[in-house]
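This report describes selected strand, helix and cavity features of the structure shown below, and it is meant to be read alongside the coordinates.

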Amino acid sequence: MKQNARKKVQAALCSETNARRIIEGKLMASEDSNAQCVWIATTVNNINVIEGVSRREYTDNWRKKQSAEDVEWSKSILRQAAQSWKRGDLLTKEQVGSVYHYNSKAEYYTAPFINGGGKPMVSQSAKSVLEQFDLGDTVFHPLTLMDSTENHLTTSERYYFLNVCNKRPMGNYDVLGPEGDIRSPLNNIGNGICYLPRSNQESKLVVIPVALDGPDIWLDPKVPNLLFLSDRLVSGLKDAQMDRGWGLVRCPVGRL
């Protein structure tokens, strides 16, 4: 009898302890949610969600109609553009291009953010929301998305190349992997050492407090393929239901 009573007491204590842990866990989560943070748009870094968007100058059909000199010129421009936007440089019209082939489904694909072959593209609706915030030197380059025959448009609204030209430091680069680690190497890209982050690792990043000073969207040239957004900007996108497609991951702010 005494053993049964003792077991009941222990069970009650265990239940109370578990309940307390659950409450404490919820409180900690609540506190974390109120802590300073930024957001990372991971879509550009995730090759699994790249949409079937191709710039006209990449296609064989276009190149067949051009002279050899024009084809070589276009290849040079494409290489420049690939490096420049990741460094946060302002692109020229030639580097951006104007016509992109996008063979969407019969119904229009209307995600506010599209990863167009590794390039960030936003819809007119998303652009209107973004423009309500401090975008610094960000530039929207208008694009035309058409089918591969260029006979009809394949989006219901205009899309823009999102050329973010605000540059700020990120933080704990080392979490992305040491130099020589084939899974996350450091590469010499565009005359500088750049960290190449792995997908699904972004939640381990920590942004240093100084990164909060400035426009609401920026990038770090040392971390290509990641866009950083302020908490207030993300709240605005969510309130307007324009956060789909960005692949947003919450990133804490702290000192290293």
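In this predicted model, strand β5 and strand β7 (residues 159–163) run antiparallel and are joined by 3 bridges. V122 of β5 has Y160 as its bridge partner in β7, and F113 stands opposite V122 as well. β5 also pairs with strand β4 (residues 113–116), again in the antiparallel sense, over 4 bridges. The hairpin formed by β4 and β5 has 2 residues between the strands, and within this hairpin G117 takes a positive phi near 65°.

The two pairings of β5 can be set side by side as follows.

| Partner of β5 | Sense and bridges | Residue facing V122 |
|---|---|---|
| β4 (residues 113–116) | antiparallel, 4 bridges | F113 |
| β7 (residues 159–163) | antiparallel, 3 bridges | Y160 |

How many residues of strand β5 (residues 119–123) are buried? The count is 5 of the 5, so the strand is largely enclosed by the rest of the structure. Burial here means under 20% relative accessible area, and both faces of β5 are covered, with K119, M121 and S123 buried on one side and P120 and V122 buried on the other.

K119 belongs, in addition, to the lining of the largest cavity, which is made up of R55, Y58, L78, A81, A82, L91, Q95, V96, Y100, K119 and F161. The count of cavities of 30 Å³ or more comes to 1, and the largest cavity holds about 40 Å³ of space. By class, its lining has 8 nonpolar, 1 polar and 2 charged residues. Helices α3 (68–87) and α4 (93–96) each supply at least two residues of this lining, and the largest share, 3 residues, comes from α3.

A further element to consider is helix α6 (residues 231–239), in which L233, V234, G236 and L237 are buried. Seen down the axis of α6, these buried residues fall within an arc of 155°, and they therefore line one face of the helix. The elements against which the buried residues of α6 pack are β1 (37–41), α5 (124–130), β10 (217–218), β11 (227–230) and β12 (248–252). Just after α6, Q241 takes a positive phi of about 60°.

Methods: Residues numbered from 1 in each chain as written. Predicted model: local features only at pLDDT ≥ 70, side-chain atom pairs only at ≥ 80, totals over all residues. Heavy atoms only, no water. 1 Å grid on protein atoms, 1.4 Å probe; cavity = no way out; pocket = protein on both sides within 12 Å on 5 of 7 lines; lining within 4 Å. Points joined across faces, edges and corners; volume = space filled by probe spheres on them. Nonpolar A, V, L, I, M, F, W, Y, C, P; charged D, E, K, R; others polar. Buried < 20%, exposed > 50% of the residue type's maximum accessible area, 1.4 Å probe, protein only. Pairing = 2+ DSSP bridges. Arc of directions from axis to C-beta. Contact = heavy atoms within 4.5 Å.
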